[in-house]
Amino acid sequence: MNISKTRFINDIRCQRFAALDELRQSKDKAIVSFSKDDELEDLFSLENKARRQTLLDEMIDEEGVELLEHKDEQLEVMLPFYKDIELIAGRAIRNRFGGTVLYSLDTKSQKRFEYEEEGYRFYCFLDGYQEDDEAIRIFEVKATTSKKFMDLTFRSENKERESVFERSAEGIMMLKDDLGEKVNRDYQNKVQKLKKRLGREGRYVYDLLYQAHVIDHAITTKKPIHYFLVVLNADYVHDGKTDDQGKPVYPDDLIEFFDLSSLIQQMMPIIAHDVKSVIGRLERMDASPVLLGPHCQRNDVRQCVFYPICFKDIPNKNSTFIYLHGHHGFKDENGVRHERFDLINDGMTHATDVPHAWLQRPDNIIQREVIDSHEPFYRKDKIKLGIEALVYPLYHLDFESFPSPLPRFVGEKAYSQSLFQFSIHIEHRPGVSDKEKDNHAFLAHSHTDEREALVQALLDVIKDDGGSVVVYNQSFEQTRLLELAALFPQYRDRLLDIVNRLFDLMHLVRGNQTFFQNLGIPDDDAKGINLYHEDLNGSYSIKKVLPLFSKLTYEQLEIKNGTSALVAYAHFPDLDREALEKTREALLDYCGQDTWAMVEILDALRRITL
């Protein structure tokens, strides 16, 4: 059996994955067990066949569609960018290191290493391979940014926050102790995060570690082997240069190299142990249920494909996961802390299964009381006070953006949220707004840089009159406005004035301590949620809050969410004139729905406080 990096990383999740994957691929031909103690003859028993069929049935919905098939539309539109990143990285490797360099988008042309262990062939293809007279260098290219690693900081001896990485004289990012820098216990603790396979930083290191293990077993060489993660430079700002076809031109500065050679060597025993574990799982093919946990990577981009099967007994509504701040765990009467997955695995799958005494956070107590009583909770006094802080006319504002992995326009960085659309609904007096007549919108016509036109249109609608600019989840709109102010200094004062007038509608429902403190509410009373309904299911997204107060729905819209909106915009160049106009109309409807939703939510909150 051949084991690729992707397969290995999935098989090491838990002892169940390999068996479920075999069952999924081979259907009724697969031979899997449901207990480590199963004897071979038991694998063909009627009971075992029935269990296999049950799992197969759980992979299919009522309409015969495989539940495990998930089309990631956003990933599909980002793939061309990811391919470009690999090519840009390959060029940067060649320019920096010289020697013999191999990189290609075609897997067959990439450098391949493999070795065999206990009848299993482990192999890997390399994003980049470089060799000269002095060393061999292995490169793993990732479409993430250097910020993820540079933000891994520790408190130095002088009490300053410093990154665990530092740039070497050769311009390569390296761990401080590799450069001979003085480090301390806090530094060592932070570096341990790089060794965590499921961590936000460690997952990338582990990918490189697998390759190092295969290479270490596949070749014998006297040359030192260096291992690099290659990522996008989070500090690179695009200068706007383009080629003859109008495509952005990127210098090697866009790419950042992290030399993790010493860390990889330290982790070799970890991967050797994991290889043995994977081989054992492949030998057993045990499909019996396992404890749920972080390895499932719930709600992560790497969420396990078999999530629908393993989590089928977790209720969709009001599960234990809905408790706010629940990731901090729950303490029992003896002060013992219980993680959410501990509770789930102990059968406490519904929010009401958690003992009352273990709910010590005020917000969680409110949630529980609402679920038990089926009666919503309101802090009408705080909501009313927040509403009274509004200054009319109100400008309900929503932006749509495209998070391009590669900066497209001057002044942008990797993954800049490049604005292409806004919607504004003007509310002249409390409750006085027309859904059609008082809606103003801007939508880019193509993938050319139309940001200044967007700013001009925005300032034409939002007057210099002091009226509150209402948004939902303020940090996004605020950050975009500040970016525009820096990019277009001629509009800076007007844009910063809008920033100062922002009013976050979410503060009225979820609450915000600072906001209510500024309104004169005592510190303790300023804390906590202002509203909870059992249908929120632990979320305060606008699409969860809206149905509590309005019959307005997104279901009839062609574009129903932000992901679909950015995907639609991404396809602009692929559309003919008629399809483009239809897509633009759908985008205008969607974004306009978001701002009208804010109008309706605010109006409903006013009625609640009467």
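User: Happy to dig into this one with you! Is cysteine 296 buried or exposed at its 8% relative accessibility?

Analyst: Glad to help, and do keep in mind that this is a predicted model. A residue is called buried when its relative accessible area is under 20%. Cysteine 296 has a relative accessibility of 8%, so this residue counts as buried.

User: Which cysteine sulfur is closest to that of cysteine 296, and how many disulfides does the count give?

Analyst: The closest cysteine sulfur belongs to cysteine 310, at 6.1 Å, which is too far for a bond. A disulfide would need the two sulfur atoms within 2.5 Å. By this rule, the number of disulfides is zero.

User: Thanks! Now the open sheet of seven strands: which strands stand at its edges?

Analyst: The pairing in this sheet is mixed, and the order runs S2-S5-S6-S11-S12-S10-S9. An edge strand has a single partner, so one of its sides is left without a neighbour in the sheet. That applies to S2 (100–102) and S9 (165–167).

User: In what sense do S11 and S12 pair, and which residue of S12 is the bridge partner of valine 231?

Analyst: Strand S11 covers residues 225–232 and S12 covers 255–259; five bridges join them in the antiparallel sense. Helix H8 (residues 261–284) lies across these two strands and S10, at about 115° to S11. As for valine 231, its bridge partner in S12 is glutamate 256.

User: Let's move on to helix H11. Which strands are included in what covers its buried residues?

Analyst: Helix H11 spans residues 362–373 and reaches 17 Å from its first C-alpha to its last, close to the expected 16 Å. Its buried residues include Asp363, Ile366 and Arg368. Among the elements covering the buried residues of H11 are strands S13 (330–331), S15 (377–378) and S21 (531–532).

User: And which residue just after H11 takes a positive phi?

Analyst: The helix itself ends at residue 373. Just after H11 comes a residue with a phi of about 60°, and that is histidine 374.

User: Last one: in the five-strand sheet, which strands are at the edges, and which residue of S18 stands opposite isoleucine 424?

Analyst: This open sheet also has mixed pairing, in the order S18-S17-S16-S19-S20. Its edge strands are S18 (439–443) and S20 (502–504), each with a single partner strand, so one side of each lacks a neighbour in the sheet. S17 (residues 417–427) pairs with S18 in the antiparallel sense over five bridges. Opposite isoleucine 424, in S18, stands histidine 440.

Methods:
Residues numbered from 1 in each chain as written. Predicted model: local features only at pLDDT ≥ 70, side-chain atom pairs only at ≥ 80, totals over all residues. Heavy atoms only, no water. Buried < 20%, exposed > 50% of the residue type's maximum accessible area, 1.4 Å probe, protein only. Pairing = 2+ DSSP bridges. Helix = DSSP H or I, 4+ residues; strand = E, 2+ residues; numbered from the N terminus. Contact = heavy atoms within 4.5 Å. Axes fitted to C-alpha atoms, helices over the stretch in contact; angles between N-to-C directions. Expected span 1.5 Å × (residues − 1).
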